[in-house]
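Colleague: I would like to learn how to read a model of this kind, feature by feature. Could we take a few elements in turn, with the general idea before the particular case?

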Amino acid sequence: MTTPTPTPRLSALHVHPVKSLGGQRLSEAAVEPWGLAGDRRWMLADAAGRCVTQREQPRLALARAESSPGGGLLLTAPGMPVLDIDVPEPSTTVPVHLWGDKVEAVPAGEAAAAWFSGYLGTEVALVHLDDPGRRRPIDPEYARPGETVSFADGFPLLVTTEASLAALNALVAAGDHPGEGPLPMDRFRPNAVIAGTDAWAEDTWTRIRIGEVEFRVVKPCGRCVVTTTDQDTAVRGREPLRTLARHRRFGGRLVFGQNLVPVRPGTLRVGDALLIVE
């Protein structure tokens with residue numbers, strides 16, 4: 001008797017309210033044109049207005065931000081008091097810089113700046129993107145007119161698959177640093193995780209539907225040093241970049257996961273079926 005092929009399904013949903021901080025696991029989330037509701041609408045900036053991430057500050061992995069009613073934040077971090085932040089009034093904006101983009105954002109106030117500066121030991125400020133339309137459209141090579149993004153690196157959503165992580169972990173186990181594996185999915189900070197596919201199936205997708213929401217699959221996600229940072233300890237290793245360099249190098253980038261742009265809005269729910277449209 002032939003075993004039926006399981007239908008690929010959404011197995012996890014994640015939002016990261018503050019760019020580069022720990023995130024929240026959700027059972028459902030609304031999809032907006034620029035990403036999941038509440039995802040990466042806040043960011044840290046240094047004294048020069050440049051974005052601050054785990055690339056420079058791995059201890060950000062240990063800080064957590066949860067969305068509170070009304071869109072504010074509940075912030076926690078080791079050795080720090082809990083801080084509740086309201087959405088700031090958009091009466092004043094300041095320029096911040098994110099990978100070459102200059103964006104006008106709203107300062108979150110002195111309490112948030114002091115909290116994060118005390119935690120990191122360097123001067124930073126928290127800012128809020130009240131209007132994602134202020135950010136320059138995503139990479140014109142892949143974007144369509146009017147498409148935009150929040151404070152994510154370049155695209156509204158990131159999707160990964162459980163099968164590809166299992167395949168990557170098998171490669172890590174056979175490589176130079178097997179003791180660093182198996183790696184958890186949070187190293188890759190996805191928004192949507194899919195179960196029930198073949199390994200690397202996402203490489204072939206160009207258009208997908210998850211539940212009621214349709215997406216264009218625009219390009220593979222190039223990975224950086226953040227993936228080597230243990231999200232529970234902030235300790236860095238060599239994996240997965242060492243293994244990705246050997247097995248997943250495309251066009252000069254080390255890739256894992258695919259970037260998505262919403263085509264049709266709606267709500268994602270864990271358990272939603274995945275349909276490959278193209």
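Modeller: We shall go through a hairpin, a helix, a buried strand and some salt bridges, keeping in mind throughout that this is a predicted model.

Colleague: Let us begin with the hairpin, then: how many bridges join S7 to S8, and in which sense do the strands run?

Modeller: For a hairpin one reads the pairing and then the turn. Strand S7, residues 64–67, is joined by 4 bridges to strand S8, residues 73–76, and the two run antiparallel. Within that pairing alanine 65 has leucine 75 as its bridge partner in S8, while the turn, with 5 residues between the strands, includes glycine 70, whose phi is positive at about 90°.

Colleague: Turning to the helix, which residues of H1 are buried, and against which strands do they pack?

Modeller: The general idea is that an α-helix has 3.6 residues a turn, so residues three or four places apart point the same way. In H1, which covers residues 110–120, the buried residues are Ala112, Ala113, Trp115, Phe116, Ser117, Tyr119 and Leu120. These buried residues pack against strand S5 (42–46), S8, strand S9 (83–85) and strand S12 (124–128), so that S8, met above as the partner of S7, appears again here as a packing partner of the helix. Just after H1 comes glycine 121, with a positive phi of about 75°.

Colleague: Is serine 117 buried or exposed, and what does its side chain reach?

Modeller: Serine 117, which has its place in helix H1, counts as buried because its relative accessible area is 19%, and the cut-off is under 20%. Its side chain reaches the backbone nitrogen of valine 124 at 3.0 Å; beyond its neighbours within four places in sequence, serine 117 is in contact with Thr122, Glu123 and Val124. The C-alpha atom of serine 117 is also separated by 9.9 Å from that of leucine 44, although the two residues are 73 apart along the chain.

Colleague: Why is strand S18 described as largely enclosed, and which strands pair with S18?

Modeller: One counts the buried residues and then follows the bridges. In S18, residues 253–264, 9 of the 12 residues are buried, so the strand is largely enclosed by the rest of the structure. S18 runs antiparallel to strand S13 (residues 157–161), with 3 bridges, and valine 159 stands opposite glutamine 258. Strand S16, residues 213–222, pairs with S18 in the antiparallel sense over 7 bridges, with phenylalanine 215 opposite proline 262. Strand S17, residues 249–250, adds an antiparallel pairing over 2 bridges, in a hairpin with 2 residues between the strands where glycine 251 takes a positive phi near 60°.

Colleague: Finally, how many salt bridges does the structure hold, and which residues are linked with Asp153 in a network?

Modeller: The structure holds 14 salt bridges, and a network of them links Lys19, Arg55 and Asp153. Lysine 19 and aspartate 153 meet at 2.5 Å, N to O; lysine 19 lies in the loop between S1 and S2 and aspartate 153 in the loop between S12 and S13, so this pair ties together parts that are 134 residues apart in sequence. Aspartate 153 also forms a salt bridge with arginine 55, the closest N and O atoms being 2.9 Å apart, and that pair links parts of the chain 98 residues apart. Lysine 19 counts as buried at 4% relative accessibility, whereas aspartate 153 is partly exposed at 38% and arginine 55 is partly exposed at 26%.

Key
Residues are numbered from 1 along each chain as its sequence is written. This is a predicted model: local features need pLDDT of at least 70, side-chain atom pairs count only at pLDDT 80 or more; totals for chains, interfaces and linings use all residues. Side-chain values use heavy atoms; hydrogens and water are left out. Two strands pair if DSSP finds at least two bridges between them. Buried means under 20% relative accessible area, exposed over 50%, partly exposed in between (1.4 Å probe, protein chains only). Contact means heavy atoms within 4.5 Å. A polar contact is a pair of N or O atoms within 3.5 Å; within protein, one must be able to donate a hydrogen and the other to accept it, and residues adjacent in sequence count only if both atoms are side-chain atoms. A salt bridge is a side-chain nitrogen of Lys or Arg within 4 Å of a carboxyl oxygen of Asp or Glu.
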